[in-house]
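Have the model open in your viewer. The text below walks through the fold, the sheets, the helices on them and some side-chain pairs.

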Amino acid sequence: MGATPRPRGPLARIRRRPESDPTPAQARRRLRAITSLRMAPGQVVAAVITALLGIALVAQVRAQDEAGLSQLRESELVALLDDVSGRVDALQREVVELEADRRQLQGQQGDVAAADAARQRLESYAILAGTVPVEGPGITVVVDDPDGVMTQTMLLDAVQELRDAGAEAIQVGNVRVVASSHVGVAGGAAAGTVTLDGAVLVPPFRIVAVGEAHTLAGGLAIPGGFLDSLRGAGASAQVVEDEQVLVDAVRPAPDPRWAEPVPATPSS
């Protein structure tokens, strides 16, 4: 038979264990070689500095943990105490209101209270949907644009600025502004025939908004906003704040074609 072939590939790189243990003399020589190793001076200095930095870091963390509030200034402590006190007062007021609501709902007036709550929600939804006329404090903006320079963007800016300022109801001309309102241009003209929900806005027209009057007026007066753009294009607008304005344009309640309410799931 021929000679056994030598292993090839990865097996050829496996190191074999020594056939016998080292002699006592060999072991002593290896031990003396290990103990004779010495660290260079630079290595010793680096090790000492590393150890000192670790000790200092641990000491600093412990000092900060132990210091706590004692390291805060008097003004910081007062501000912290005021913040905590304010939160406690707010939570106590909320507890009192919730307890009063619970007693009212559990007592003989529970049905009346539930009916009042439902009526208030219905009124809020009707105002948001624009299905009822509303009145309250607000502003009236009279826009005079004989040359028809107002654009879609300007009107969109006006509506958005009023909404951002907290307007609860908006009317432009004879059109009530709601969530589904859209601004367009009649006949594709570039200017002078801006439409709101398909109705052409013929100058001069009024913008009426219900809300905090001063805040609404300030929202329209921001630099680069509706009033700046309108006046810069050559038109004019007059803003009047009033304690009582009327938004009398209404929208018919839409009949949903596709959406259906999800049945209430009984609580377990």
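The tour starts with overall figures and then moves to the details.

This is a predicted model, in which local features need pLDDT of at least 70, side-chain atom pairs count only at pLDDT 80 or more, and totals for chains, interfaces and linings use all residues. Residues are numbered from 1 along each chain as its sequence is written, and side-chain values use heavy atoms, with hydrogens and water left out.

The protein has seven helices and eight strands. Helices (H or I, at least four residues) and strands (E, at least two) are DSSP runs, numbered from the N terminus. Of the 268 residues in the protein, 21% are buried. Buried means under 20% relative accessible area, exposed over 50%, and partly exposed in between, with a 1.4 Å probe and protein chains only. Contacts are heavy atoms within 4.5 Å. Among contacts with a separation of 6 or more, 76% join residues 24 or more positions apart. The accessible surface comes to about 20300 Å², and carbon and sulfur atoms own 57% of that. These areas come from the Shrake-Rupley method with a 1.4 Å probe; for residues, only the protein chains shown count as cover.

Now the sheets. Strands of a sheet pair through backbone hydrogen bonds, either parallel or antiparallel. Here, two strands pair if DSSP finds at least two bridges between them. One open sheet has five strands in the order 3-2-7-1-8, with antiparallel pairing. Strand 3 (175-177) and strand 8 (236-247) stand at its edges; each has a single partner strand, so one side of each lacks a neighbour in the sheet. Neighbouring strands are turned by 20° against each other on average, direction ignored. Strand 2 (residues 169-172) and strand 3 run antiparallel and are joined by three bridges. V172 has V175 in strand 3 as its bridge partner.

Helix 5 (residues 152-164) packs on this sheet, where it touches strand 1 (134-144), strand 2, strand 3 and strand 7 (205-210). Its direction makes about 160° with that of strand 2. Such angles run from 0 to 180 degrees between N-to-C directions, and axes are lines fitted to C-alpha atoms, for helices over the stretch in contact. Helix 6 (residues 213-220) lies across strand 1, strand 7 and strand 8, at about 30° to strand 1.

Another open sheet has three strands in the order 4-5-6, again with antiparallel pairing. Strand 4 (183-185) and strand 6 are the edges, each with a single partner strand, so one side of each is left without a neighbour in the sheet. Two bridges join strand 5 to strand 6. T195 has V200 in strand 6 as its bridge partner. Helix 5 also lies across strand 4 and strand 5, running at about 165° to strand 4.

How many salt bridges are there? The count comes to two. The rule asks for a side-chain nitrogen of Lys or Arg within 4 Å of a carboxyl oxygen of Asp or Glu. R119 and E123 meet at 3.2 Å, N to O. They are four residues apart in helix 4 (residues 110-129), so about one helical turn separates them. R119 is partly exposed at 41% relative accessibility, and E123 is partly exposed at 42%.

R251 pairs with D197, with the closest N and O atoms 2.7 Å apart. This pair links distant parts of the chain, 54 residues apart: R251 is in the segment after strand 8, and D197 is in the loop between strand 5 (194-196) and strand 6 (199-200). R251 is partly exposed, at 22% relative accessible area.
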